[in-house]
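Here are some worked exercises to go through with the model open beside you. Try each task on your own before reading its solution.

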Amino acid sequence: MKKLDKIVLAPDSFKESMTAKTVCESLEKGITKILPHVSCIHVPMADGGEGTMQSLVDATGGKIYEARVKGPLGNPVTAQYGISGSGDMGVIEMASASGLHLVPMENRNPCLTTTYGTGELIKACLNHGVKKLLIGIGGSATNDGGAGMLQALGGKLLDANGKDLSFGGLALKDLHKIDLSDVDIRLRDVDIDVACDVDNPLIGEKGASKVFGPQKGANEEQVELLEAALSHYGDIIEDQLEIDVKNFSGAGAAGGLGAGLMVFLNGKLKKGIDLVIDYVKLEENIAEADLVITGEGSLDSQTFHGKTPLGVSKLAKKYNVPVIGIAGRLGDGIEGLYDEGFTAIFSIVDGVISLDEALDKGPEKAEKLIENIMRLWKNL
């Protein structure tokens with residue numbers, strides 16, 4: 001048998017079936033049935049999107065908290081945020097407070113929606129004394145350039161009469177003055193990383209309003225109004241803060257929240273998977289591993305676009321460590337993954353079953369699959 005003392009388990013979640021932590025636990029059960037001496041290192045992963053907070057909390061032995069905040073339409077919602085085990089890092093998914101899923105289809109209107117609740121989650125993390133924040137900004141219902149977030153943190157956006165702007169992207173057309181004098185002073189001592197996997201600018205044909213506005217409920221007329229409002233917003237930022245943000249890559253993410261985080265909180269926009277790899281110290285674990293196991297609900301052509309398994313496999317390839325990929329579904333286009341570091345790829349589904357059964361029995365099937373793979377490995 002080829003030497004196998006240390007296995008790094010670095011899966012993403014299997015959506016609607018298993019968290020990344022649960023996948024790790026199931027894999028270790030199957031491995032140690034056959035190779036009880038093997039050390040399994042759990043590194044629950046995510047790519048900066050949904051599930052990132054859970055994975056980072058699990059990976060650091062942290063805790064998830066709840067907070068009542070303003071939802072996208074200003075109504076109260078219960079959102080979540082995470083604090084690492086060390087207590088110095090907060091993790092936020094903006095969609096928890098300001099996500100599209102919080103707005104009924106018939107009420108979707110990015111002219112009105114706000115990121116205020118996201119700002120409230122940031123403040124909740126500050127109350128824990130964090131010195132670092134990771135903010136995932138996918139899945140937004142908003143197009144307000146992060147204006148609501150700034151307002152929640154003490155910033156003032158004033159019209160020509162000195163009155164506070166109302167919520168929503170359309171209100172930005174009336175912006176006359178930005179006042180940052182009362183922004184929460186604790187932010188000065190916090191490093192903020194933003195998980196952002198799109199490169200859309202704030203305005204233009206590939207900007208926030210024109211690309212994402214329709215997905216959030218905007219009709220053609222509203223898209224043009226939002227485009228003009230964000231353009232005016234960018235002009236005011238440039239005139240008063242001397243920051244040219246309108247064409248910056250990623251500024252248009254989450255309806256311009258990318259711009260707001262950069263301008264007002266000095267946030268650094270980075271690829272989600274790269275951030276998570278850094279935060280969970282994956283590389284130093286893989287460098288000493290004999291085998292890496294990764295995967296997620298589906299491995300297919302989309303895996304090549306910044307998904308967790310690809311990031312893990314590329315890192316393992318750097319250290320010539322073999323990689324086993326597992327998934328509930330194997331789709332078209334996975335052949336190219338073998339050139340990216342994968343040694344073998346398997347589905348945990350071992351027969352014709354219903355989707356509900358597959359989701360329900362995910363842990364059991366992951367354990368059984370890896371047990372069989374270890375039996376083969378043992379006899380090589």
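**Exercise 1: Salt bridges**

K270 and D193 form a salt bridge, with their closest N and O atoms 3.4 Å apart. A salt bridge here is a side-chain nitrogen of Lys or Arg within 4 Å of a carboxyl oxygen of Asp or Glu. Before going on, please note that this is a predicted model, in which local features need pLDDT of at least 70 and side-chain atom pairs count only at pLDDT 80 or more, while totals for chains, interfaces and linings use all residues. Residues are numbered from 1 along each chain as its sequence is written, and side-chain values use heavy atoms, with hydrogens and water left out.

*Task.* Which elements hold K270 and D193, and what does the pair tie together?

*Solution.*
1. Find K270 in strand 10 (residues 268-270) and D193 in strand 9 (residues 191-195), so the pair ties together parts that are 77 residues apart in sequence. Helices (H or I, at least four residues) and strands (E, at least two) are DSSP runs, numbered from the N terminus.
2. Now check the surroundings: K270 is partly exposed, with a relative accessible area of 36%, whereas D193 counts as buried at 10%. Buried means under 20% relative accessible area, exposed over 50%, and partly exposed in between (1.4 Å probe, protein chains only).

*Task.* Where do D235 and K246 lie, and is K246 buried or exposed?

*Solution.*
1. The closest N and O atoms of the D235 and K246 salt bridge are 2.7 Å apart.
2. D235 belongs to helix 7 (residues 220-241) and K246 to the loop between helix 7 and helix 8 (253-265), so parts 11 residues apart in sequence are tied together.
3. K246 is buried, with a relative accessible area of 12%, while D235 is partly exposed at 30%.

*Task.* How many salt bridges does the rule count, and which residues are linked in a network?

*Solution.*
1. The count comes to 14 salt bridges.
2. K33, E367, E371 and R375 are linked in a network of them.
3. For another pair, look at D174 and K173, whose closest N and O atoms are 3.1 Å apart in their salt bridge. Both are partly exposed, D174 with a relative accessible area of 38% and K173 with 45%.

**Exercise 2: Two loop residues**

*Task.* Which residues are in contact with G99, leaving aside its neighbours within four places in sequence?

*Solution.*
1. Go to the loop between helix 3 (95-98) and helix 4 (116-126), where G99 is found.
2. G99 is buried, with a relative accessible area of 0%.
3. Beyond those sequence neighbours, P72, M94, G139, S140 and A141 are in contact with G99; contact means heavy atoms within 4.5 Å.
4. Now turn to N109, also in the loop between helix 3 and helix 4. N109 is buried at 17% relative accessible area, and with the same neighbours left aside it is in contact with K216 and Q222.

**Exercise 3: Empty space**

*Task.* What volume does the largest cavity have, and which element gives the most to its lining?

*Solution.*
1. On a 1 Å grid over the protein atoms alone, a cavity is a set of points where a 1.4 Å probe fits but cannot get out, and a pocket is an open set with protein on both sides within 12 Å along at least five of seven lines; lining residues have an atom within 4 Å of a point. Grid points are joined across faces, edges and corners, and a volume is the space filled by probe spheres set on the points.
2. The search of the whole structure finds one cavity of 30 Å³ or more. The largest cavity has a volume of about 40 Å³.
3. Helix 5 (residues 147-152) gives the most to its lining, with three residues.

*Task.* Which residues lie nearest the centre of the largest pocket?

*Solution.*
1. The largest pocket holds about 1400 Å³ of space.
2. Its lining has 47 residues, of which D47, G48, G49, E50 and G51 lie nearest the centre.

**Exercise 4: The nonpolar core**

*Task.* Which residues touch the most other members of the largest nonpolar core?

*Solution.*
1. A nonpolar core is a set of buried Ala, Val, Leu, Ile, Met, Phe, Trp, Tyr and Cys residues joined through side-chain atoms within 4.5 Å.
2. Among the 53 residues of the largest one, I122, I137 and L265 touch the most other members.
3. Helix 8 supplies the largest share of this core, nine residues.
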